[in-house]
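Grab a coffee and open the model in your viewer. The exercises below can be worked through at your own pace, each with a solution to check against.

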Amino acid sequence: MRPTTPRRHPLRPSAARREAVVLGVVVVVLVALVLVGLGVGEIPLSPVQVAGALVGHGDTVSDFVIGQLRGPRVAGALLVGASLGVAGGIVQSVVRNPIASPDVIGITSGASASGLTAIVLFGASGGTLFSVVLVGAVVVSLVIAALSWRRGITGNRVVLVGIGVAAICLSITGWMLTSGTVTQAGTALLWLSGSLNAVDRNLVAVLAVAFVVLMVLALVQSPRLTVLTLGDDVAAGLGLRPNRAKVLLLLTAVCLTAAAVATAGPVSFVALMAAPIARRLVGGGRVALGPTAAVGAAVTLASDLVAQFAIPGNALPVGVVTGVIGAPYLLWLLARGR
């Protein structure tokens with residue numbers, strides 16, 4: 001008998017419709033959060049003023065407040081959250097482990113250690129810091145892949161090796177903090193907490209370009225991601241080369257993580273939470289990168305608003321709020337897992 005070529009099974013109309021509805025609802029929530037983020041503060045702006053400034057018909061005050069102060073921060077929160085959400089969704093799907101986010105397996109720690117080293121030793125910032133963090137994240141991910149490789153990339157090994165590599169990176173981070181001056185340590189601690197305070201228009205522009213390019217690459221590879229969730233044997237039977245596909249997908253996730261960390265520091269647990277939330281909303285256990293990006297953006301922007309205004313007169317780094325939310329979620333995952 002002549003072997004039959006397996007058919008591709010596109011999304012059923014009902015599943016595609018539900019994914020589109022979920023994406024639309026989350027986008028509406030994002031629009032509401034953006035209006036709040038641009039309107040509240042020491043100089044309050046009405047939704048009409050915010051809308052006018054966004055379309056180029058604002059007054060002098062609203063143009064300055066949105067264009068120079070709040071706009072970059074809100075845009076940075078959206079892009080950082082979307083980048084981390086997609087990165088977490090890719091890693092969890094490839095490794096097939098719900099706790100295998102960039103936070104847990106050492107990618108974020110590697111990016112943070114390289115960025116902090118550049119800040120303390122060389123005073124790096126802007127594009128230089130962005131490049132150093134990207135290189136550091138890629139190097140650490142290659143180390144994790146090499147140490148966990150046993151005829152391919154398997155979930156449990158990646159998680160365990162990643163935790164060990166993360167511990168080493170945290171030791172480097174502590175060493176850098178004790179080696180720098182008081183001023184450098186203060187700047188580094190704020191960055192390590194995951195803060196959007198230093199985000200400016202130039203950083204947002206670089207992150208936006210990186211996110212668009214990497215998101216396109218992720219969407220192009222999403223059919224492979226869906227097949228990989230069925231297991232390596234099934235994927236190989238459908239004509240996919242599992243290890244090659246995993247490496248390319250993980251490299252995309254690493255670059256997304258590095259871009260987010262270089263912009264705002266390690267904003268913890270967004271990558272862990274966004275994909276499971278989106279998967280539950282979409283249903284069927286499917287990987288939905290669009291809703292995942294939107295959920296990650298919504299979680300980060302909402303957390304930043306809480307960080308800024310929950311305690312009057314005392315703004316917190318956004319990473320503190322996401323950590324308060326994400327740490328119990330991680331403990332819950334560990335407690336209910338086998």
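A residue counts as buried when its relative accessible area is under 20%, and as exposed when that area is over 50%. Keep in mind throughout that this is a predicted model.

**Exercise 1. Decide whether Thr292 is buried or exposed, and find what it touches.**

Solution.
- Step 1: Locate the residue. Thr292 sits in helix 12, which covers residues 289–309.
- Step 2: Apply the cut-off. Thr292 has a relative accessible area of 4%, so it is buried.
- Step 3: List the neighbours. Leaving aside residues up to four places away in sequence, Thr292 touches Gly85, Val86, Ala274, Ala275 and Ala278.
- Step 4: Look at these partners in turn. Ala274, Ala275 and Ala278 are among the buried residues of helix 11.

**Exercise 2. Work out whether Leu84 is buried or exposed, and which residues it touches.**

Solution.
- Step 1: Find Leu84 in helix 3, residues 60–95.
- Step 2: The relative accessibility of Leu84 is 4%, so this residue counts as buried.
- Step 3: With residues up to four places away in sequence left out, the contacts of Leu84 are Thr257, Ala260, Val267, Val270 and Ala271.
- Step 4: Try a distance too. Leu84 and Ala208 are 124 residues apart along the chain, and their C-alpha atoms are separated by 13 Å.

**Exercise 3. Describe how helix 4 and helix 5 pack: at what angle, with what handedness and through which residues?**

Solution.
- Step 1: Recall what is needed. A pair of packed helices is described by the angle between the axes and the distance between them.
- Step 2: For helix 4 and helix 5, the axes come within 8 Å and cross at roughly 140°.
- Step 3: Name the arrangement. Angles over 145 degrees count as roughly antiparallel, and 65 to 115 as roughly perpendicular. Helix 4 and helix 5 are therefore oblique to each other.
- Step 4: Add the handedness, which is right-handed for this crossing of helix 4 and helix 5.
- Step 5: Pick out the residues. Helix 4 contributes Ile107, Gly110, Ala111, Ser114, Gly115, Ala118 and Ile119, which meet Leu129, Val132, Val133, Gly136, Ala137, Val140 and Ile144 of helix 5.
- Step 6: Sort them by character. The contact of helix 4 with helix 5 has 10 nonpolar residues, four polar and no charged.

**Exercise 4. Repeat the analysis for helix 5 and helix 10, asking what angle they pack at and how far apart their axes are.**

Solution.
- Step 1: Helix 5 (residues 126–148) and helix 10 (residues 242–264) have axes 8 Å apart and pack at an angle of about 140°.
- Step 2: Helix 5 and helix 10 are therefore oblique to each other, and their crossing is right-handed.
- Step 3: On the helix 5 side, the contact uses Leu129, Phe130, Val133, Leu134, Ala137, Val138 and Ser141. On the helix 10 side, the residues are Val254, Cys255, Ala258, Ala259, Val261, Ala262 and Thr263.
- Step 4: By character, the residues of the contact of helix 5 with helix 10 are 12 nonpolar, two polar and no charged.

**Exercise 5. Check the length of helix 4 and of helix 10, and say how many residues of each are buried.**

Solution.
- Step 1: The 16 residues of helix 4 (residues 107–122) reach 22 Å from first C-alpha to last, close to the 22 Å expected at 1.5 Å a residue.
- Step 2: In helix 4, 13 of the 16 residues are buried, so this helix is largely enclosed by the rest of the structure.
- Step 3: The 23 residues of helix 10 reach 33 Å from first C-alpha to last, close to the 33 Å expected at 1.5 Å a residue.
- Step 4: Helix 10 is mostly covered, with 18 of its 23 residues buried.
- Step 5: Look just past each end. Gly123, just after helix 4, has a positive phi of about 65°, and Gly265, just after helix 10, has one of about 80°.

**Exercise 6. Where do Arg96 and Phe269 lie, and is each buried or exposed?**

Solution.
- Step 1: Start from the general rule that most residues other than glycine have a negative phi.
- Step 2: Arg96 is not a glycine, yet its phi is positive, at about 60°. Phe269 also has a positive phi, near 70°.
- Step 3: Place them. Arg96 is in the loop between helix 3 and helix 4, and Phe269 is in the loop between helix 10 and helix 11.
- Step 4: Apply the cut-offs. Arg96, at 51% relative accessibility, counts as exposed, whereas Phe269, at 16%, counts as buried.

Conventions. Residues numbered from 1 in each chain as written. Predicted model: local features only at pLDDT ≥ 70, side-chain atom pairs only at ≥ 80, totals over all residues. Heavy atoms only, no water. Axes fitted to C-alpha atoms, helices over the stretch in contact; angles between N-to-C directions. Helix = DSSP H or I, 4+ residues; strand = E, 2+ residues; numbered from the N terminus. Parallel < 35°, antiparallel > 145°, perpendicular 65-115°, else oblique. Left-handed = near helix turned anticlockwise from the far one by under 90°. Contact = heavy atoms within 4.5 Å. Nonpolar A, V, L, I, M, F, W, Y, C, P; charged D, E, K, R; others polar. Expected span 1.5 Å × (residues − 1). Buried < 20%, exposed > 50% of the residue type's maximum accessible area, 1.4 Å probe, protein only.
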